[in-house]
Amino acid sequence: MTASPDIDAPVLKAHALTRRFGRKTALDGVNISVSDAGVLALLGPNGAGKTTFVQTALGLVPPSSGALQVFGAKPGSRATKTRIGVMMQDTDLAHTLTGRELLELFASYYPDAADLDALIKQCALTDFIKRRYGQLSGGQKRRIQFALSLVGKPDLLFLDEPTTGLDTEARRALWAVVRDVAANGTLVVLTTHYLEEADALADRVVVLQNGRIIADDTADGLRTRMGGAVISCVTSLSDEALNALPGLIAMNRAGRKVRLQVSESVAFLKALLNADPALSDLSVAQPTLEDAFEALTGQSDSEGA
């Protein structure tokens, strides 16, 4: 007999969660507990363990050792499935059904489904909801998939790269719905390689690398922990000369400009100006979430956050 979810239990709780695939360890002793509604951004380079964590929480992949509970119950149980919504990065749906028919089909799976007309309006699907799914553009398909993840009025919502293929307007419209869903009591677990997206939405950011949690904080907390500043300029100094300056954390060149993450801006700027009095296009800014991510993992978001 399947145990019912514990209403007082955390929405998600992992203890020493480990998952191995042959010799590869995808999750390595992960500990996390999430009780509150809001947006949890799960970030990390490719192969960090993000997808494996989501698959384990959905009951698609069993732990090799340790434990993961959803609403205090075993992942994949019938009692938990009716409280979860999912939008995966790779999704294939019946091409001959219209968007409306897909919503009606998914609504039939839940005891208390959302009002479909309201959902269509909320997700801005009206213009193409009567068209067959196979005739839609990639961005339109993603918007249908997003709406399908909300049909069951989930208490826990997994969004895996939800805005891939969307234009800027559609992306920001989806963000607005995510904020509204989270504000109304849902825990949203977001994986994304758009760090701007995580920065805009997340109440909590967990960074995975090599299957382990290397940071767990707010976006502001990660930036504060990094400290220092980001300096951008045009300089004739070589990489070797820049690396010799005090407090350099990371350096990236893009065309004529060089972007420098430094631990202490005043001392670094004095040394930089002494070394190259002719430098130009100088700007100094606070670190972004992308800067914090790169400092933590040694990789940029373009390499697979």
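With a relative accessibility of 7%, Glu161 counts as buried, and this residue sits in the loop that joins β6 to α6. The model described here is a predicted one. Although Glu161 is not a glycine, its phi is positive, at about 50 degrees. Most residues other than glycine have a negative phi. The points below go on to other backbone features, then to the nonpolar cores, and then to two helices and their packing.

**Positive phi in loops and after a helix**

- Asn210, which is not a glycine either, also has a positive phi of about 50 degrees, and its place is in the loop between β8 (204-209) and β9 (212-217).
- Asn210 is exposed, with a relative accessible area of 61%, whereas Glu161 is buried at 7% relative accessibility.
- Gly227, the residue that follows α8, has a positive phi near 65 degrees.

**The nonpolar cores**

- The largest nonpolar core of the model holds 35 residues, and those with the most contacts inside it are Leu103, Leu125, Ile144 and Phe146.
- At least two residues of this core are supplied by each of α3 (99-107), α4 (116-122), α5 (138-150), β6 (156-160), α6 (168-183) and β7 (187-191).
- The largest share of this core comes from α6, which contributes seven residues.
- A second core, separate from that one, has 25 residues, and Val11, Ile32, Val34 and Leu156 are included in it.
- Leu103 touches Leu116, Leu119, Ile120, Leu125, Ile129, Ala147, Leu148 and Val151, when residues up to four places away in sequence are not counted.

**Helix α3 and the loop before it**

- Gly99, Leu102, Leu103 and Ala107 are buried in α3, and they lie on the same side of this helix because they cover an arc of only 135 degrees around its axis.
- An α-helix has 3.6 residues a turn, so residues three or four places apart point the same way.
- The partners against which the buried residues of α3 pack are α4 and α5.
- Thr98 lies in the loop between β5 (84-87) and α3, and with a relative accessible area of 12% this threonine is buried.
- Leaving out residues up to four places away in sequence, Thr98 touches Ile129, Lys130, Arg131, Arg132 and Tyr133, and Ile129 is also among the residues that Leu103 touches.

**Helix α8 and its crossing with α11**

- Two packed helices are described by the angle between their axes and the distance between the axes.
- For helix α8 (residues 219-226) and helix α11 (residues 289-297), the axes come within 9 Å and cross at roughly 60 degrees, and the two helices are therefore oblique to each other.
- The crossing of α8 and α11 is left-handed, and the contact is made by Ala219, Leu222, Arg223 and Met226 on the α8 side and by Leu289, Asp291, Ala292, Ala295 and Leu296 on the α11 side.
- In α8 the buried residues are Ala219, Gly221, Leu222, Arg223 and Met226, and these pack not just against α11 but also against α7 (195-201), β8, β9 and β12 (257-262).

Key:
Residues are numbered from 1 along each chain as its sequence is written. This is a predicted model: local features need pLDDT of at least 70, side-chain atom pairs count only at pLDDT 80 or more; totals for chains, interfaces and linings use all residues. Side-chain values use heavy atoms; hydrogens and water are left out. A nonpolar core is a set of buried Ala, Val, Leu, Ile, Met, Phe, Trp, Tyr and Cys residues joined through side-chain atoms within 4.5 Å. Buried means under 20% relative accessible area, exposed over 50%, partly exposed in between (1.4 Å probe, protein chains only). Helices (H or I, at least four residues) and strands (E, at least two) are DSSP runs, numbered from the N terminus. Contact means heavy atoms within 4.5 Å. The arc is that of the directions from the helix axis to the C-beta atoms. Axes are lines fitted to C-alpha atoms, for helices over the stretch in contact, and angles run from 0 to 180 degrees between N-to-C directions. Angles under 35 degrees count as roughly parallel, over 145 as roughly antiparallel, 65 to 115 as roughly perpendicular and the rest as oblique. A crossing is left-handed if the near helix is turned anticlockwise from the far one by less than a right angle, and right-handed if clockwise.
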